[in-house]
Amino acid sequence: MWPWGHLAVAYLLYSGYARRRSDSPPLAVPALAVAVGSQFPDLIDKPLAWSIGVLPGGRTLTHSLLVAAVLLPLVVRLTARRQRRGAGVAFAVGYLSHLAADVPPAVLTGEFAGARFLLWPLLEAPPEDPVGGLLDAVLHYYEMGTYETVQFVLLAAAIFVWYRDGTPGLEYPRRLLAGASERWRAERSR
């Protein structure tokens, strides 16, 4: 799945969770945490496999449920200590939705070989086409098809829901831009 597909699935799930749990849209910090969690497995595994070559594939270490079983409770515990438990839960939702979204549709018909990455290193990672680094992956590894089109539809739905939720998380860059703009105006008026 493309990064925006992972982001869309994660945000839609977390927004639904937040509304069901508190009858309100996601807050800013958890919205940012779900976005980071939705990308985290690829941000670790892809460079380590495709650019550095220390992992056997782009869906191994942080795509494993074994790592998730250790990492996610630690994240939730650390964020709870900082009174940000909601951010830890949001990160976990993003992370787990990433793993679920990477499971190939063939699993629904009983073909489980493509989901072996979930138990790496206990099971061998599924074979991958050779990738000559991240740029090569973007330029040659992915192609547009029905599956990719569905991801764009999910992205459009997630953007709509995020906008309806009040664009949580966007206040941070707005605040940074406003501060920079004020400093720039102050410098010009001198």
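Is Asp-42 buried or exposed? Select Asp-42 and see: Asp-42 is buried, with a relative accessible area of 13%. Here "buried" means under 20% relative accessible area, "exposed" means over 50%, and "partly exposed" is in between (1.4 Å probe, protein chains only).

Before moving on, know that this is a predicted model, where local features need pLDDT of at least 70, side-chain atom pairs count only at pLDDT 80 or more, and totals for chains, interfaces and linings use all residues. Residues are numbered from 1 along each chain as its sequence is written, and side-chain values use heavy atoms, with hydrogens and water left out.

**Stop 1: salt bridges**

Keep Asp-42 and add Lys-46: their side chains meet in a salt bridge, 3.2 Å from N to O. The term stands for a side-chain nitrogen of Lys or Arg within 4 Å of a carboxyl oxygen of Asp or Glu. Both residues sit in helix H2, 4 residues apart, so about one helical turn separates them. Helices are DSSP runs (H or I, at least four residues), numbered from the N terminus. Lys-46 is buried too, at 8%.

Now select Arg-19, Arg-164 and Asp-165, which are linked in a network of salt bridges. Between Asp-165 and Arg-19, the closest N and O atoms are 2.7 Å apart. Asp-165 lies in the loop between helix H6 (146–164) and helix H7 (171–189), while Arg-19 is in helix H1, so this pair ties together parts that are 146 residues apart in sequence. Asp-165 also meets Arg-164, at 3.4 Å from N to O. Check the surroundings: Asp-165 is buried at 7%, whereas Arg-164 is partly exposed at 45%.

**Stop 2: aromatic rings**

Rings of Phe, Tyr and Trp (its six-membered ring) pair if their centres lie within 6.5 Å; planes under 30 degrees apart count as stacked, over 60 as edge-to-face and the rest as tilted. By this rule there are 6 aromatic pairs. Pick Tyr-14 and Tyr-17: their centres are 5.6 Å apart and their planes at 40°, so the pair is tilted. Tyr-14 is buried at 5%, but Tyr-17 is partly exposed at 32%.

Next, try Phe-40 and Phe-91, an edge-to-face pair with 5.5 Å between centres and 70° between planes. Phe-40 is in helix H2 (residues 28–51) and Phe-91 in helix H4 (residues 85–102), so they tie together parts 51 residues apart in sequence.

Last up, select Trp-2, Trp-4 and Phe-152: ring pairs link them into a cluster.

Notes. Helices (H or I, at least four residues) and strands (E, at least two) are DSSP runs, numbered from the N terminus.
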